[in-house]
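User: Could you walk me through the charged pairs and the nonpolar packing in this protein?

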Amino acid sequence: MATPPDKPKQRLRARPATDTVLRGPDTRPTRQAPIFRDPMPERIEPCLATLATKPPTGPHWAFEVKWDGYRLHVHVEPSGVRVITRGGHDWTHRFPAIAAAAAELGAGTAILDGEAVVLDEHGRSDYPALLQALGGRGGKRVAPEVMFYAFDLPYLDGIDLRAGTLDQRRAVLEQLLAGSDQAGWIQLSEEVHSDGAALFRHACEHGLEGIIAKDRRKPYRSGRGLDWLKIKCVESERLVIVGYEPSSVARGGLGRLLVACREGDGLAYVGGVGTGFTETSARALRRQLDGMARETSPIKLRRKGVVWTEPTLVAEVEFRGWTGDGKLRHASYKGLGEDEADVFRR
């Protein structure tokens, strides 16, 4: 059984000068006295990055490393801390160390946007290691190796910061996290001051997933848009498992997964995934899928020899691009995700 981490030592820290950073007619033109005037949202839909083929250019673009983990919003509230996933699920019980660290930040109320990750020995985010650290799907293991990299701050101490620019929100976030323990569970996702193309080459050469580009001038907008862009060395997405092809020779008897993406209110088939499994993961996944089998296809596809399943499991899938008819190229299984599937189609 894992040993729960020690509670972080309480640190006294001055609260960020939020009012000073955001003061001015351009940011809050209709509010003369903004402090403690904005009710705290129950939940904010996260701002999502759109996939791009190359980094943008121009002085208004900021760049960060793309973390490969779980997107989270950490809510610091008068009643305690809540850790909310991208899909709106309360996972506070799965990240107790992050929740404890957030409670010690010195904020009365806050919403931090970031990514929970596990780092490998080279400092790269490792998604399979994150799954293992949490004890697998549905696990509740206390995992002190899971860190939260914060990269935005939509709300702090009674002020809704979403109308401000990225630069303004980052300034407040940096002040909030200033002086935090560098080995602690909440860290600042650093902006990398570099040409986007050069940074992307460096990221790929060192085995990172890719980079994120963000427009410094823009407010925080929920949903997928062009203010944030993701440029990946190897593409990966969260896709819904809709069935599998059994095999007598493949690992664990699992020949190939059939996967789909969200498209409007339905699902669109995007291809098969036949690599990336270990003997253990394939056997466990097939056993889980067999318990979810159904008679009919959940998508507009008819194929013999397929075990159709309820479309509830989400898989992290790596691939090398898309075919002309919208199917995955050279797809490989990374592990099960526990959040919503990506809602877009190439």
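Here are some questions and answers on salt bridges and nonpolar cores.

Analyst: Before we start, this is a predicted model, in which local features need pLDDT of at least 70 and side-chain atom pairs count only at pLDDT 80 or more, while totals for chains, interfaces and linings use all residues. Residues are numbered from 1 along each chain as its sequence is written, and side-chain values use heavy atoms, with hydrogens and water left out.

User: How many salt bridges does the structure hold?
Analyst: Side chains of opposite charge can pair when their charged atoms come close. A salt bridge here is a side-chain nitrogen of Lys or Arg within 4 Å of a carboxyl oxygen of Asp or Glu. The number of salt bridges in the structure is 25.

User: How many residues apart in sequence are the parts that glutamate 191 and arginine 216 tie together?
Analyst: These two side chains form a salt bridge at 2.4 Å, N to O. Glutamate 191 sits in the loop between strand E8 (186–188) and helix H5 (196–205), and arginine 216 in the loop between strand E9 (210–215) and strand E10 (223–232), so the parts tied together are separated in sequence by 25 residues. Helices (H or I, at least four residues) and strands (E, at least two) are DSSP runs, numbered from the N terminus.

User: Is aspartate 227 buried or exposed?
Analyst: Aspartate 227 forms a salt bridge with arginine 221, with the closest N and O atoms 2.6 Å apart. Buried means under 20% relative accessible area, exposed over 50%, and partly exposed in between (1.4 Å probe, protein chains only). Arginine 221, at 43%, is partly exposed. With a relative accessibility of 11%, aspartate 227 is buried.

User: Which strand holds arginine 238?
Analyst: Arginine 238 meets glutamate 316 in a salt bridge (3.0 Å, N to O). Glutamate 316 belongs to strand E15 (residues 314–319), and the strand that holds arginine 238 is E11 (residues 235–246).

User: Which element gives the most to the largest nonpolar core?
Analyst: A nonpolar core is a set of buried Ala, Val, Leu, Ile, Met, Phe, Trp, Tyr and Cys residues joined through side-chain atoms within 4.5 Å. The largest one has 38 residues. Elements giving two or more residues to this core include strand E5 (110–117) and helix H2 (96–103). The top contributor, with 5 residues, is H2.

User: How many residues are in the other core, with Leu313 and Trp322 among them?
Analyst: That core lies apart from the largest one, and its residues also include Leu328 and Tyr333. Its residue count is 24.
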